[in-house]
Amino acid sequence: MDRCTKFKVFNCLLLLCVANFLLYRYFNQPATIQASVTPNSNRLYNNPKNSSLQRNQPSPDIAIVKLPSVHNSSNVLEPLITSKNESNKPEEESSFVSSMTLPLCPLVPPRLNGPLATYSEASNLEDIAAENAGLQRGGRFKPPDCTARHRVAIIIPYRNRPEHLKILLKNLHPILGRQQLDYGIYVIDQALPGKFNRAMLMNIGYAEAMKRYDYQCAIFHDVDLIPENDRNIYSCPEQPRHLSAAIDKFNYRLPYDGIYGGVSAINKEHFEKINGFSNMFFGWGGEDDDMASRIRHAGLSITRYPMEIARYRMIKHSKDSGNEQNPQRFALLKTTTQRMATDGLNSLVYTVQGVEELPTHLRISVYINETLMLNQQT
């Protein structure tokens, strides 16, 4: 190839390169313009002032939690999105929404002590409330620095045990606070006359508590049992939990394997599945064994913490008038599975005589008509 031909080929290649460069600039110009607009269209996420809004949005596991309010069960994302109108919300609901923006409390509460020395006396309810920062009148508490993982109704069946109640509350409130629970304490006081019906009082307490707040579970608590270890967490269990497995009265041993009395925890779904406790046990004995049979019949299991954790001290007391042994308890235990569909939460009949919002708990006084309740099952 002579020099003239080479020069022509070189010029052609050079022209092709220039043409390619111009075409590249021409066809990439719109993309450059579009890229300059894109950041402005996402200002909420790119603006440093707003970047915290994106980071602080609730994670998916918080978002699906229902608003625990009697009046509003909408998804928690709704009030966060419509935060401009938050000032118009009721005070209780607004405070709850603000608490839901807090991080979830740790799986293991960090301030637990383990084994405890328990109090054997208490002065008055006002002093107990003053000792527990954040405790609201009516016995309600939420952790101030994180969103509780468990919303728990503590239900205490009660009659004429004021000293025992004060001692229990003095011991229990600090423990529940360290366990970072969103809880309320409901004392269900059976009015005279009539035989004491512990199981029915627990059903009433459950029904009354659920009217007032969106609890996930209930803890049924005898007034004379004091927990001795704050690692005995009063949380909402996957299976019914017998909390008071080791009581000093029984040398910290189980009296028998199937026992379910004293202090127990059960989630809302399971309690309603078994129709709660029986309402038929007037007087002492039998109702806890009936409950254990309901649990087993529903295909559920009774769980317990290790015995060194599930420890309780029982306050000594004399026999209560109106709570004599129930002579019908053994006959009733033979018919548990036949009765449980119609004897329980769905057959409750009672009269609320008074509701008192005290510094440490909500006291609900109720009257139970024994004849009416027993005639339901005949």
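1. R198 is a good place to start: this arginine is buried in the predicted model, with a relative accessible area of 11%. The cut-off for buried is under 20%, so R198 falls inside that class. Its salt-bridge partner E287 is also buried, at 9% relative accessibility.

2. The closest N and O atoms of the R198 and E287 pair are 2.9 Å apart. This contact links distant parts of the chain, with R198 in helix α9 (residues 198-212) and E287 in helix α11 (residues 287-297), 89 residues apart.

3. K170 and E131 form another salt bridge, with 3.0 Å between the closest N and O atoms. K170 sits in helix α8 (residues 162-178), whereas E131 belongs to the loop between α7 (125-130) and β1 (140-141), so the pair ties together parts that are 39 residues apart in sequence. How accessible is each partner? K170 is buried at a relative accessible area of 12%, while E131 is partly exposed at 48%.

4. Helix α9 also holds a local pair for you to look at: E208 and K211 lie three residues apart in α9, about one turn of the helix. Their side chains meet in a salt bridge at 3.1 Å, N to O. E208 counts as buried, with 4% relative accessibility.

5. One network is worth displaying together: R198, D222, E287 and D288 are joined by salt bridges that share partners. For the whole model, the count comes to 20 salt bridges.

Technical notes
Residues numbered from 1 in each chain as written. Predicted model: local features only at pLDDT ≥ 70, side-chain atom pairs only at ≥ 80, totals over all residues. Heavy atoms only, no water. Salt bridge = Lys/Arg side-chain N within 4 Å of Asp/Glu carboxyl O. Helix = DSSP H or I, 4+ residues; strand = E, 2+ residues; numbered from the N terminus. Buried < 20%, exposed > 50% of the residue type's maximum accessible area, 1.4 Å probe, protein only.
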